[in-house]
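Work through the exercises below with the sequence and the 3D structure at hand. Each task is followed by a stepwise solution.

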Amino acid sequence: MLNDFPLWPQQASTLAHRVDALYIFLLIITGMMALLVCTLVIYFAARFRKRAGVRAEQIEGSNALEITWSVIPFCIFMVIFAWGAVVYFSQRTPPADATEVYVVAKQWMWKVEHAEGQREINELHVPVGRDVKLIMTSQDVIHSFYIPAFRVKQDVLPGRYTVEWFRATKPGTYHLFCAEYCGTQHSGMVGNIVVLEPAQYEAWINAGPNGPLSDSGEKVFAELGCSTCHRSDVQGRGPNLQGVFGNPVELEDGRTVTADENYLRESILDPGAKRVKGFKPIMPTFQGLLTEEQVNELVAYIKSISSKPAGVKTTASAASQTQAQRNGSQVQ
Ligand SMILES: [Cu+2]
C-alpha cells in the first residue's frame, strides 16, 4: 500500500517497515494533538465569546487536570522512547556474520571495496536477503551514506570508521545519496545500490580481476615492512597479529580495549595513541603514507588472520588465553 504512495520511498530492507511504522505512529499522535488543540481553540472561542451580562471567572489551578495532562503525555513519550530505542539499536548493531564492504568517501564520489575483491565507484552491488555491513571512512570532509529505500543513513567521517548495515529484501536498483553537505558538487555525490538475486550476485562478485581484499592487504603488509616487526612464526619486535581482531588488548597505561576495526586503524596511523602492554614504542606512524584503500586492505588482512571458525564465539577465557600467549611469548 505504502509503495503506491508517491511521497514514500520504496521499502526494500528489513528495517524499512519498522522505521515507517514508528514514523506513522508519530504522525498519528502529533496529528491527533494538533486536531485536539485546533478544535478546542475554536470551541472555546465560540463558547466563551464576549456577551452582554456574562463575565469571565478566574479559575485557580486544578490538580486533576494538571496530573492528567502530565501523565498522559509522559506515557506517550515513554512509548516513543522505548519503541525508538528498539529500532535504533537494531539499526546500529550489525549482525556478526554480515558480508563486509569497505566504503571510502571523497569529494565527490563513493569508492567501494568488497572483501571478495570487487571494486566499484558510485555503485554498490549487494545480494538480496543477506546482511551487509559497510565499514566506511572519508578521505576528506564529512559525508553521509544514505539509502532512502533501506531507511539507513550514517555519517562518514575522516580519520575513523563508522558502520552501517542492512538486509535488502527486494532485487532492484535504489538511490544512494550523500546526505551531508560536503562542498560544491555535494548534490552530485549520488549513486546506485543494485540488489541482486543470490546467484546473480555470486556471478558478479566472482567476476572481478582482483583477489580478496585481505590478499592485497597481505602484499601491502609485506611491502611496507610491517612483517619485519609483526611476524607470525616467531615473536618479533611487534606483537603477533594473529588472533588480535575482536579480542581484548591490554595497554601499557593499564586500560583494556577491544581490537575492532577502529583500533586496528588507529594502531597503524597513530601507534602511540594506544600502546600494547609489554612493547616498546618503536612502531613508526604510517599517517600520510597510506591511502584509505590501503588502510582498509591492511585492516582486512589483519582481520583475516584473526578470524575464527564461523559460529564459534570467543569466550572470555579463550580471549585472555590468546592475549596471554601474545604477551607471554614476548618476554625477552
Ligand atoms: Cu558528500
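Two residues are in contact if their C-beta atoms, placed from the backbone, lie within 7 Å. Helices are DSSP runs of H or I with at least four residues, strands are runs of E with at least two, and both are numbered from the N terminus. The model is predicted: local features need pLDDT of at least 70, side-chain atom pairs count only at pLDDT 80 or more, and totals for chains, interfaces and linings use all residues. Residues are numbered from 1 along each chain as its sequence is written.

**Exercise 1.** Describe how helix 1 packs on helix 2.

Step 1. Arg18, Val19, Leu22, Leu26 and Ile29 of helix 1 meet Ile76, Ile80, Trp83, Gly84 and Val87 of helix 2.
Step 2. By class, these residues are 8 nonpolar, 1 polar and 1 charged (nonpolar: Ala, Val, Leu, Ile, Met, Phe, Trp, Tyr, Cys and Pro; charged: Asp, Glu, Lys and Arg; polar: the others, Gly among them).
Step 3. The axes of helix 1 and helix 2 (residues 63-92) are 10 Å apart, at an angle of about 165°. Axes are lines fitted to C-alpha atoms, for helices over the stretch in contact, and angles run from 0 to 180 degrees between N-to-C directions.
Step 4. Helix 1 and helix 2 are therefore roughly antiparallel (under 35 degrees is roughly parallel, over 145 roughly antiparallel, 65 to 115 roughly perpendicular, the rest oblique).

**Exercise 2.** Place histidine 17 and state its exposure.

Step 1. Histidine 17 belongs to helix 1, residues 16-47.
Step 2. It has 14 C-beta neighbours inside 10 Å, so histidine 17 counts as partly exposed (buried: 20 or more other C-beta atoms within 10 Å; exposed: 12 or fewer; partly exposed: in between; C-beta atoms are placed from the backbone).
Step 3. Arginine 151 is 134 residues from histidine 17 in sequence, with 8.8 Å between their C-alpha atoms.

**Exercise 3.** Which orientation do helix 4 and helix 7 have to each other?

Step 1. The axes of helix 4 (residues 213-223) and helix 7 come within 7 Å and cross at roughly 105°.
Step 2. The two helices, 4 and 7, are therefore roughly perpendicular.
Step 3. The residues in this contact of helix 4 with helix 7 comprise 6 nonpolar, 6 polar and 2 charged.

**Exercise 4.** Assess the confidence of the model.

Step 1. Mean pLDDT is 87, and 90% of residues reach 70 or more (pLDDT is the predictor's confidence in each residue, from 0 to 100).
Step 2. Residues 309-332 have pLDDT below 50; this stretch has 22 contacts in the model beyond near neighbours in sequence.
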